[in-house]
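Me: I'm new to this one and would like a close look at a single part of it. Could you start there and then walk me outward, step by step?

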Amino acid sequence: MRTHESLLWVGSYTVDRNGHGKGITALSADSEGGLTAIGLAVEANSPSFLALHPTLPVVYAVAEEGKTVGAYRRSGDTALEAFGDPWPAGDATCHVAADPQGRSLIHI
């Protein structure tokens, strides 16, 4: 298994938002702040804003155009996979956050 000093996931705008992204990308950050793209962690429609669950290996992502929030669980060293069906988030939802205890998810 490959090790990373710090693993980051970054969202993107995909074709549904006139973007060129493919979904959530994994990046490695070194101790000097340099970033290296590892590759696509999971395909997803415009995961524009991401939030990590504070205790579980889960990433939440807002899909603005789809008006949903999806959950993705870690499925390998850097990969993610859909974790259940996305849930409705309403018009203009563009942010998501998990509370520090991991009991609630807020999207606005």
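In which strand is the place of Ser48?

Reply: Happy to. Keep in mind that this is a predicted model, and everything below is read from that prediction.

Ser48 sits in strand β4. Is its surface open or covered? Somewhere in the middle: Ser48 has 24% relative accessibility, so it counts as partly exposed, because that label covers values from 20% to 50%. For a sense of its surroundings, look across to Gly23. Ser48 and Gly23 are 25 residues apart along the chain, and their C-alpha atoms are separated by 8.8 Å.

Now step back along the chain to Ser46. This residue is in the loop between β3 (35–43) and β4 (47–52). Ser46 has 0% relative accessibility, so it counts as buried. Its backbone has a quirk too: phi at Ser46 is positive, about 40 degrees, although the residue is not a glycine.

Asn18 makes a good partner for that observation about the backbone. Asn18 is not a glycine either, and it has a positive phi of about 60 degrees. You'll find Asn18 in the loop between β1 and β2 (23–29). Ser46 is buried, whereas Asn18 is exposed, with a relative accessible area of 74%.

That loop brings us to Arg17 and to the salt bridges. The structure holds four of them. As background, side chains of opposite charge can pair when their charged atoms come close. Arg17 pairs with Glu64, with 3.3 Å from N to O. Arg17 lies in the loop between β1 and β2 and Glu64 in the loop between β5 and β6, so this pair ties together parts that are 47 residues apart in sequence. Arg17 has 32% relative accessibility and counts as partly exposed, while Glu64 is buried at 18%. The cut-off matters for Glu64: buried means under 20%, so 18% falls on the buried side. There is also a network here, in which salt bridges link Arg17, Glu64 and Glu65.

Glu64 leads on to Cys94. The two are 30 residues apart in sequence, and their C-alpha atoms are 5.8 Å apart in space. Cys94 is found in the loop between β8 (87–88) and β9 (96–98). With a relative accessible area of 28%, Cys94 is partly exposed.

Asp91 forms a salt bridge with Lys67, and the closest N and O atoms are 3.0 Å apart. Asp91 lies in the loop between β8 and β9 and Lys67 in the loop between β5 and β6, so this pair ties together parts that are 24 residues apart in sequence. Asp91 counts as exposed at 60% relative accessibility, and Lys67 as partly exposed at 39%.

Another salt bridge joins Glu81 and Arg73, with 2.7 Å between the closest N and O atoms. Glu81 is partly exposed, at 32% relative accessibility. Arg73 is partly exposed as well, at 34%.

Next, the largest pocket. About 160 Å³ of space lies in it. Of the 16 residues that line this pocket, the closest to its centre are Ala63, Thr68, Gly70, Tyr72 and Pro86. The elements that give two or more residues to the lining are β5 (58–63) and β6 (68–74). The largest share, four residues, comes from β6. What is the lining made of, by class? It has nine nonpolar, five polar and two charged residues.

Last, a stop at the surface. Leu8, Val10 and Leu35 form a nonpolar patch there, with about 240 Å² of accessible area together. Val10 has its place in strand β1 (residues 6–10). At 35% relative accessibility, Val10 counts as partly exposed.

To retrace the walk: we began at Ser48 in strand β4 and went to the buried Ser46 in the loop between β3 and β4. From Asn18 we came to the salt bridge of Arg17 and Glu64, then to Cys94 in the loop between β8 and β9. After two further salt bridges, Asp91 with Lys67 and Glu81 with Arg73, we looked at the largest pocket, with its 16 lining residues, and ended on the nonpolar patch of Leu8, Val10 and Leu35.

Notes:
Residues numbered from 1 in each chain as written. Predicted model: local features only at pLDDT ≥ 70, side-chain atom pairs only at ≥ 80, totals over all residues. Heavy atoms only, no water. Patch = residues over 30% accessible without salt bridge, like charges linked within 9 Å, V, L, I, M, F, W, Y side chains within 5 Å. Areas by Shrake-Rupley, 256 points an atom, 1.4 Å probe, with all protein chains shown as cover. Salt bridge = Lys/Arg side-chain N within 4 Å of Asp/Glu carboxyl O. Buried < 20%, exposed > 50% of the residue type's maximum accessible area, 1.4 Å probe, protein only. 1 Å grid on protein atoms, 1.4 Å probe; cavity = no way out; pocket = protein on both sides within 12 Å on 5 of 7 lines; lining within 4 Å. Points joined across faces, edges and corners; volume = space filled by probe spheres on them. Nonpolar A, V, L, I, M, F, W, Y, C, P; charged D, E, K, R; others polar.
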